[in-house]
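Subject: Two-chain model for you to look at

Dear colleague,

I am passing on the structure below, together with an account of what was found in it. Please read the notes with the coordinates open beside you.

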Amino acid sequence: MKLEDLKVAWKEEVDQSFRAEDLSMKSIMSEVAKIDRSVRFRDFCMISAMVLGASLYFIFGWLTQERVDLLSRFSVLAFIAATAVMSIALLRARRTTRSDDWTLRSRLETEIERLEKQRRLMNRVGYWFLLPMLIANGLSSLGGYDVRTGSHVPNATGWALFAGCGVLYGFTYWLVRREVTKKWDPVLTQLRRLLADLLGATEMPVDAEK
Amino acid sequence: MNRQTSDMPLDFEQLVRDHGGRIRRIAHRFAENGAVDDLVQDILTRLWRSFTGFRGDSKVESWIYRVALNAAMTHVSDTVKVRNLHAAVSAQSAATEGVPGGASAANILSDFLSRLGDVDASILMMYMDGLTAEDMSGVLGITGNAINVRINRMRQKFTDAYVE
């Protein structure tokens with residue numbers, strides 16, 4: 001028997017594998033709509049939550065206050081800037097092409113690049129989102145405290161609050177890092193392995209194993 | 001845009017009717033038993049999405065393979081552990097077991113496909129479907145020469161495993 005002799009068996013299998021239920025245009029259309037909705041909803045939830053937080057902070061931390069000191073103003077602006085940067089970064093990192101009509105190599109390379117971008121984004125979230133937010137919280141609290149007491153040095157409750165925020169932000173950072181390590185890294189490894197298999201060792205791009 | 005080339009179906013339903021078996025067979029190779037229907041659905045969804053952009057410049061089979069392989073190989077996030085386990089088991093069984101004498105061609109084909117890596121299995125399926133190295137190059141994005149080399153290796157592997 002030769003490899004070519006299997007062509008007949010393959011054709012028979014293909015002919016026998018068709019199922020009428022695959023031909024359900026309604027379910028295909030509904031699946032397309034469902035995917036579109038879920039992607040839009042996910043982006044909407046994440047970004048609107050951040051925008052809502054920044055808006056509330058702006059309204060209650062600045063607009064409704066009779067006297068807003070410099071530290072509080074700086075804090076509100078830093079919060080808004082961090083939210084804007086995070087929203088843009090999320091949208092850009094999530095942006096994927098809708099074309100499935102690519103070569104497998106292009107698709108794998110694009111998918112790896114997209115995941116690496118998201119991975120970098122998540123790995124750095126502590127530096128350019130959580131840390132600035134923590135600083136913004138601290139500055140705002142100190143500003144408000146100064147307005148009430150005339151001193152920038154907080155009492156024990158203030159210190160406890162800062163420590164609590166620090167722990168909460170640290171925990172969030174740990175959760176994000178855990179998600180990257182447990183979920184994204186194995187996927188990236190799998191995709192890189194596929195690309196390496198596709199290209200063979202000689203054609204493997206230099207940066208593919210970064 | 002002229003869709004009506006020699007081997008181009010008139011509409012999407014006709015396309016699914018003509019190639020549904022092929023799509024299901026491809027899904028069967030790449031998905032775990034319980035997930036074949038999901039992958040078929042995913043492939044059909046993607047085909048529907050890109051149907052409007054398909055101008056018929058390439059063979060319909062090439063286009064289907066492009067979309068199907070994109071779906072099968074880039075949706076690995078939910079199945080990484082299962083796929084790794086499956087690969088390990090396949091490697092183990094390939095090293096220790098053979099196909100019983102007198103096995104049907106269908107069984108041999110199924111066994112051989114399970115022993116191959118994902119990329120080689122894709123090439124074999126396309127080869128079985130009569131796609132040329134140039135067609136496959138358009139699907140996979142590697143040179144026709146590299147594909148021919150892989151087919152020759154598979155031929156040798158097949159002979160070693162199944163021809164006494």
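Chain B contains eight helices and zero strands, and, read from the N terminus, its elements follow the order α-α-α-α-α-α-α-α. Please bear in mind throughout that this is a predicted model. Of the 164 residues in chain B, 36% count as buried, and among its contacts between residues at least 6 apart in sequence, 62% join residues at least 24 apart.

Within chain B, one pair of helices may be worth your attention, namely α7(B), which covers residues 133-140, and α8(B), which covers residues 144-162. Their axes come within 8 Å and cross at roughly 110°, which makes α7(B) roughly perpendicular to α8(B). On the α7(B) side the residues involved are A133(B), E134(B), M136(B) and S137(B), and they meet G144(B), I147(B) and N148(B) in α8(B). Sorted by class, this contact of α7(B) with α8(B) has three nonpolar, three polar and one charged residues.

Chain A has six helices and zero strands, arranged from the N terminus on as α-α-α-α-α-α. Of its 210 residues, 20% count as buried, and residues 24 or more positions apart account for 76% of the contacts in chain A with a separation of 6 or more. A single residue of chain A illustrates this kind of separation: R107(A), which sits in helix α4 of chain A, lies 9.8 Å from L195(A), C-alpha to C-alpha, although 88 residues separate R107(A) and L195(A) in sequence. R107(A) has 24 C-beta neighbours inside 10 Å and therefore counts as buried, the cut-off for that class being 20 or more.

Turning to the interface, 43 residues of chain A are in contact with 49 residues of chain B. On the side of chain A that touches chain B, at least two residues come from each of α1 (6-17), α2 (25-63), α4 (104-123) and α6 (156-203), and the largest share, 11 residues, is supplied by α1(A). By class, the residues on that side of chain A divide into 21 nonpolar, seven polar and 15 charged.

Given that share, α1(A) deserves a closer description. The helix α1(A) has 12 residues and reaches 16 Å from its first C-alpha to its last, which is close to the 16 Å expected at 1.5 Å a residue. Its buried residues are L6(A), W10(A), E13(A) and V14(A), and, seen down the axis of α1(A), these buried residues fall within an arc of 100°, so they line one face of the helix. D15(A) and Q16(A), on the other side of α1(A), are exposed. What covers the buried residues of α1(A)? The cover includes α1, α5 (105-115) and α6 (118-128) of chain B.

Two of these helix pairs across the interface can be described in detail. In the pair with α1(B), a helix of residues 12-30, the axes come within 6 Å and cross at roughly 105°, and α1(A) and α1(B) are therefore roughly perpendicular to each other. Here E13(A), V14(A), D15(A), Q16(A) and S17(A) in α1(A) meet G21(B), R22(B), R24(B) and R25(B) in α1(B), and by class the contact of α1(A) with α1(B) has one nonpolar, three polar and five charged residues.

In the pair with α5(B), the axes of α1(A) and α5(B) come within 9 Å and cross at roughly 90°, which again makes α1(A) roughly perpendicular to its partner, α5(B). The residues of α1(A) that take part are L6(A), V8(A), A9(A), W10(A), E12(A) and E13(A), and they meet A105(B), A106(B), I108(B) and L109(B) in α5(B). The class make-up of the contact of α1(A) with α5(B) is eight nonpolar, no polar and two charged residues. If you look at the two contacts of α1(A) in turn, please note that E13(A) takes part in the one with α1(B) and also in the one with α5(B), and that E13(A) is one of the buried residues of α1(A).

With best regards

Key. Residues are numbered from 1 along each chain as its sequence is written. Chains are lettered from A and ligands numbered from 1 in the order in which they are written. This is a predicted model: local features need pLDDT of at least 70, side-chain atom pairs count only at pLDDT 80 or more; totals for chains, interfaces and linings use all residues. Two residues are in contact if their C-beta atoms, placed from the backbone, lie within 7 Å. Helices (H or I, at least four residues) and strands (E, at least two) are DSSP runs, numbered from the N terminus. Ala, Val, Leu, Ile, Met, Phe, Trp, Tyr, Cys and Pro count as nonpolar, Asp, Glu, Lys and Arg as charged, and the others, Gly among them, as polar. Axes are lines fitted to C-alpha atoms, for helices over the stretch in contact, and angles run from 0 to 180 degrees between N-to-C directions. Angles under 35 degrees count as roughly parallel, over 145 as roughly antiparallel, 65 to 115 as roughly perpendicular and the rest as oblique. A residue is buried if 20 or more other C-beta atoms lie within 10 Å of its own, exposed if 12 or fewer, and partly exposed in between; C-beta atoms are placed from the backbone. The expected span of a helix is 1.5 Å times one less than its number of residues. The arc is that of the directions from the helix axis to the C-beta atoms.
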